[in-house]
Amino acid sequence: MMVDWVECKLGEVFLIERGGSPRPIKEFVTTDANGVNWIKIGDATNSSKYIKSTIQKIKPSGLKKSREVFPGDLILSNSMSFGRPYIMGIMGAIHDGWLVFRENRHIEKDFIYHSLGSPTTFNQFSKNAKGSTVKNLNIKIVEDVDFLLPPLPIQRAIVSKIESLFSSLDSGIADLKKAQAQLKIYRQAVLKKAFEGELTSRELTKEGIPKDWNLLQLKDACENIKVGVVIKPAQYYTDSENGIKAFRSANVRENRINDTNWVYFNKEGHKVNKRTQLSEGDVLIVRSGYPGTSCVVTKDFAGCNAIDILIATPNLELILPNFLCAFNNSPLAKGLFSKGSRGVAQKHLNVGVYSKLSILLPPIFDQKQILKEIESRLSVCDKVDKDIKDSLVKATALRQSILKKAFEGKLLTKAEIEKCKQEADYEPASVLLERIRKEKK
């Protein structure tokens with residue numbers, strides 16, 4: 001522990017209260033402009049630090065059965081995603097999924113905010129939270145959490161350094177995310193050029209199309225296009241140990257199979273749904289949500305079933321499975337799917353629409369060359385994207401490392417600490433704690 005710091009409990013330095021919910025809540029929700037801000041978890045997840053607005057309001061009469069909070073109060077989630085702190089930027093009322101730390105003039109609010117969000121504190125929350133399925137915190141658990149209290153100037157210096165480091169970190173994260181977005185645009189540009197004939201060296205026609213390329217409807221480029229089982233046959237489901245995998249939309253990603261979250265058919269279901277059994281080289285196409293998203297069935301997944309997704313079997317004399325898959329995932333095809341798909345809230349792609357879409361089809365030799373060009377360009381993208389994701393993970397770990405050092409008294413340098421000691425309100429935290437105790441009584 002640092003000199004002049006003191007170890008105490010959160011309950012020694014803060015008045016901690018639990019929220020409350022007027023019930024039935026629907027009778028208290030109001031659209032009146034004079035209603036009281038009703039702070040819900042959804043309002044917090046839209047905030048990074050301060051809660052400045054709410055989706056709902058409740059009638060002022062609901063305050064009698066709730067807990068009022070004020071700007072500067074710090075609230076802490078105590079259920080589900082427990083242990084997440086936020087600072088109030090508005091007045092309002094909190095339900096019983098929140099605890100409130102009343103503002104303490106002897107402790108910098110940003111200091112306690114960062115402290116509650118640190119691994120040191122969260123580990124104590126996690127260890128002591130009650131419940132088997134859903135973990136919860138209560139006032140007693142939070143009051144008993146160990147807390148290192150430094151002098152006020154040290155608190156201010158720690159907050160200043162944390163936020164300076166976080167600002168640099170956030171700037172780097174923003175640059176990484178911008179690079180991710182640019183990679184996505186580049187990927188789409190590569191696929192767009194591929195199916196407009198710009199990745200081949202063939203002579204072009206007057207219309208700018210490579211010679212020997214033919215415009216075909218997908219039904220003419222494929223031996224068969226069908227849809228997997230539409231009604232989920234629950235009576236055919238079984239466990240993973242005894243069952244046969246059945247593809248759903250969740251298992252189809254762009255150019256790859258998501259080998260998680262499977263459902264399994266028993267032997268009877270597999271036999272009854274024989275027409276949906278897959279062969280190596282079949283192309284799977286998502287119908288709903290993100291219509292057109294495609295992958296190719298590999299040897300390891302041949303024999304599996306399919307539920308509510310399109311199955312296209314390419315005519316190998318006309319089109320390669322990977323070429324059809326790449327086309328489906330291209331911005332050109334996605335635009336066609338979007339126009340042809342039905343549904344308002346959620347687009348839905350059916351066999352008839354998909355079958356009638358047209359593709360500009362090069363000879364097999366050109367298809368192979370185009371796929372090589374696509375793979376060459378996108379493999380570089382994949383490597384860069386992986387590096388970016390790794391860096392983002394490291395950034396999250398670095399943020400936690402900064403907080404851990406800060407609340408173990410290891411973030412400030414000796415020179416920074418000496419500078420704090422020259423400030424007029426510097427005093428050992430033991431003196432500060434005693435003053436807090438007396439005022440709290």
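How many nonpolar, polar and charged residues are in the lining of the second largest cavity? I started my notes there, and I kept in mind that this is a predicted model.

**Cavities**

I sorted that lining by class and got seven nonpolar, one polar and no charged residues. The residues I found lining the second largest cavity are Met 2, Trp 5, Ile 154, Ile 158, Gly 409, Leu 411, Leu 412 and Ile 417. Glycine goes with the polar class here, so Gly 409 is the polar one. I noted a volume of about 40 Å³ for this cavity.

Then I looked up the count, which comes to two cavities of 30 Å³ or more. The largest has a volume of about 60 Å³. Its lining takes in Phe 14, Gly 72, Leu 74, Phe 101, Arg 102, Glu 103, Asn 104, Ile 107, Lys 109 and Ile 112. By class I have five nonpolar, two polar and three charged residues for the largest cavity.

**Open sheet**

Next I traced a sheet of four strands, and it is open, with the order 14-23-20-21 and antiparallel pairing. Which strands stand at the edges? Strand 14 (222-227) and strand 21 (294-296) do; each has a single partner strand, so one side of each is left without a neighbour in the sheet. From one strand to the next I get an average twist of 20°.

I checked the 14-23 pairing too: five bridges join strand 14 to strand 23 (residues 309-314), and the two run antiparallel. In this pair, Cys 222 sits opposite Pro 314 of strand 23.

What packs on this sheet? I found helix 9 (residues 321-328) there, touching strand 14, strand 20 (283-286), strand 21 and strand 23. The direction of helix 9 makes about 170° with that of strand 21.

**Strand 16 and its partners**

I followed strand 16 (residues 244-247) to strand 19 (residues 263-265), and they pair in the antiparallel sense over three bridges. Ile 244 has Phe 265 as its bridge partner in strand 19. Strand 16 is also joined to strand 22 (residues 305-306), this time by two bridges and in parallel. For that pairing I wrote down Phe 247 opposite Ala 306 in strand 22.

**Helix 4**

Last, I asked which residues of helix 4 (residues 119-128) are buried. They are Pro 119, Thr 121, Gln 124 and Phe 125. I then listed what covers them, including strand 8 (74-77), helix 3 (109-116), helix 5 (139-143), strand 12 (146-149) and helix 12 (364-406).

Definitions and conventions. Residues numbered from 1 in each chain as written. Predicted model: local features only at pLDDT ≥ 70, side-chain atom pairs only at ≥ 80, totals over all residues. Heavy atoms only, no water. Pairing = 2+ DSSP bridges. Axes fitted to C-alpha atoms, helices over the stretch in contact; angles between N-to-C directions. Contact = heavy atoms within 4.5 Å. Buried < 20%, exposed > 50% of the residue type's maximum accessible area, 1.4 Å probe, protein only. 1 Å grid on protein atoms, 1.4 Å probe; cavity = no way out; pocket = protein on both sides within 12 Å on 5 of 7 lines; lining within 4 Å. Points joined across faces, edges and corners; volume = space filled by probe spheres on them.
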